Amino acid sequence: MVTPEQRRTAVTCAMVTAEVSERRACRYAGFARSSQRYHSVRPPRTELRERLQTLATLRPRWGYRRLYILLRREGYVVNRKLVQRVYREEGLHVRRRKRKRVAVPRVPLPVPAAPNEQWSMDFVSDALGDGRKFRALTLVDDFTREAPAIAVDFSLPGERVARVLDDVAATRGYPTVIVCDNGPEFAGAALDQWAHAHHVALQFIEPGKPIQNAFAESFNGRLRDECLNESWFVSLADAQQTIEAWRLDYNVARPHSGLANRTPEEFARTFAQNRPPHLPSEPRSAPHPYPSTPLTSLEYSLNPGQLLTLTPSSTPD
């Protein structure tokens, strides 16, 4: 489809190369002279374009929909279609990556009714710049979609997994169920003894069916797409720092479509304020459900000295 701007360019080119009048060039191109002479009266919106360019640079794997949510949070009075038009005019786009398609009908997974009711965990592998492989243990709260921890190391045996879970439970409490696959770290004696001692049920998925651990798989996809594939790690400490910064940003700044475009931290805070009376007010064995330490966003790590201020998001128009 040829746009009016492209037609104007074609008419102008014909006038210059063929040395014909505007009237004749428009007749050959099938373009009205009034449209050829039209000048846009839209405001330039320079500030919006600059801010959109900055956000797209900071978050290269976010499309215009999530950037629109961030702009609304920052106080810009714009609608989604305007952001989409400016996004395209600035030549911004997200390179699409092929995803595996499931050939069988998808069945919605049962969603827990409260935080700390069900966690999911899994492993993600990547490599440093010198080729050495490392692993990351990802942990997700299936209700709030929060990521309480991501442990990164060259080796993560079952004993280390148990220590990570204990560290998270010290502030959040122990979950009722943990969904995981049948890997040796999860099916070994170390984690089995830990689960028995803390009355936590380990729910193993069927072999070869990662879709049954969909919450962890979805989180791992975001981690790889937005962090691992976009980063070059020079050392294990660099990988730990970068992944931890992304985890904090994921919890406090990234809008989640499954939570009505709220962040996981915002959703958890709202649920805690409006908790149904039949549910316990605090997770078991956790005097302080959520840490009071201020969180730092990814934008702060890239631009030290300027914290990213978050305000409750509203539903997009």
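In these legends, two residues are in contact when heavy atoms of one lie within 4.5 Å of heavy atoms of the other. Every view below comes from a predicted model.

**View 1. Helix H5 meets helix H6.**
Let's start with the residues that touch. From H5 come Tyr-64, Leu-67, Tyr-68 and Leu-71, and they meet Arg-80, Val-83, Gln-84 and Tyr-87 in H6. Sorted by class, this contact has six nonpolar residues, one polar and one charged. Now look at the helices as a whole: H5 covers residues 64-73 and H6 covers residues 80-89, and their axes come within 9 Å, crossing at roughly 120°. Because of that angle, H5 counts as oblique to H6. The crossing of these two helices is right-handed.

**View 2. Helix H4 packs against helix H6.**
Here H6 appears again, this time with H4, which spans residues 46-58; the two axes are 10 Å apart and the packing angle is about 75°. How does H4 lie relative to H6? Angles of 65 to 115 degrees count as roughly perpendicular, so H4 is roughly perpendicular to H6. On the H4 side, the contact is made by Leu-48, Arg-49 and Leu-52, while H6 brings Leu-82, Val-83, Val-86, Tyr-87 and Glu-89. Six of the residues in this contact are nonpolar, two are charged and no polar ones take part. You may recognise Val-83 and Tyr-87, which also meet H5 in View 1.

**View 3. Helices H10 and H11 side by side.**
Further along the chain, H10 and H11 pack at an angle of about 120°, with 11 Å between their axes. They are therefore oblique to each other, and H10 passes H11 in a right-handed crossing. Which residues make the contact? H10 supplies Phe-219, Arg-222, Leu-223, Glu-226, Cys-227 and Leu-228, and H11 supplies Thr-242, Ile-243, Trp-246 and Tyr-250. By class, seven of these are nonpolar, one is polar and two are charged.

**View 4. An aromatic pair between H10 and H11.**
The structure holds nine aromatic pairs, and this view shows one of them, formed by Phe-219 and Tyr-250. The ring centres are 5.0 Å apart and the planes make an angle of 85°, an edge-to-face arrangement. The pair links distant parts of the chain, for Phe-219 belongs to H10 (residues 214-228) and Tyr-250 to H11 (residues 236-252), 31 residues apart.

**View 5. A stretch to read with care.**
Across the protein, pLDDT averages 84, and 83% of the residues score at least 70. Over residues 285-317, however, pLDDT stays under 50. The model has 53 contacts beyond four places in sequence for this stretch. Where pLDDT is low, predicted coordinates should not be read in detail.

Key:
Residues numbered from 1 in each chain as written. Predicted model: local features only at pLDDT ≥ 70, side-chain atom pairs only at ≥ 80, totals over all residues. Heavy atoms only, no water. Axes fitted to C-alpha atoms, helices over the stretch in contact; angles between N-to-C directions. Helix = DSSP H or I, 4+ residues; strand = E, 2+ residues; numbered from the N terminus. Parallel < 35°, antiparallel > 145°, perpendicular 65-115°, else oblique. Left-handed = near helix turned anticlockwise from the far one by under 90°. Nonpolar A, V, L, I, M, F, W, Y, C, P; charged D, E, K, R; others polar. pLDDT = per-residue confidence, 0-100. Phe/Tyr/Trp six-rings, centres within 6.5 Å; stacked < 30°, edge-to-face > 60°.
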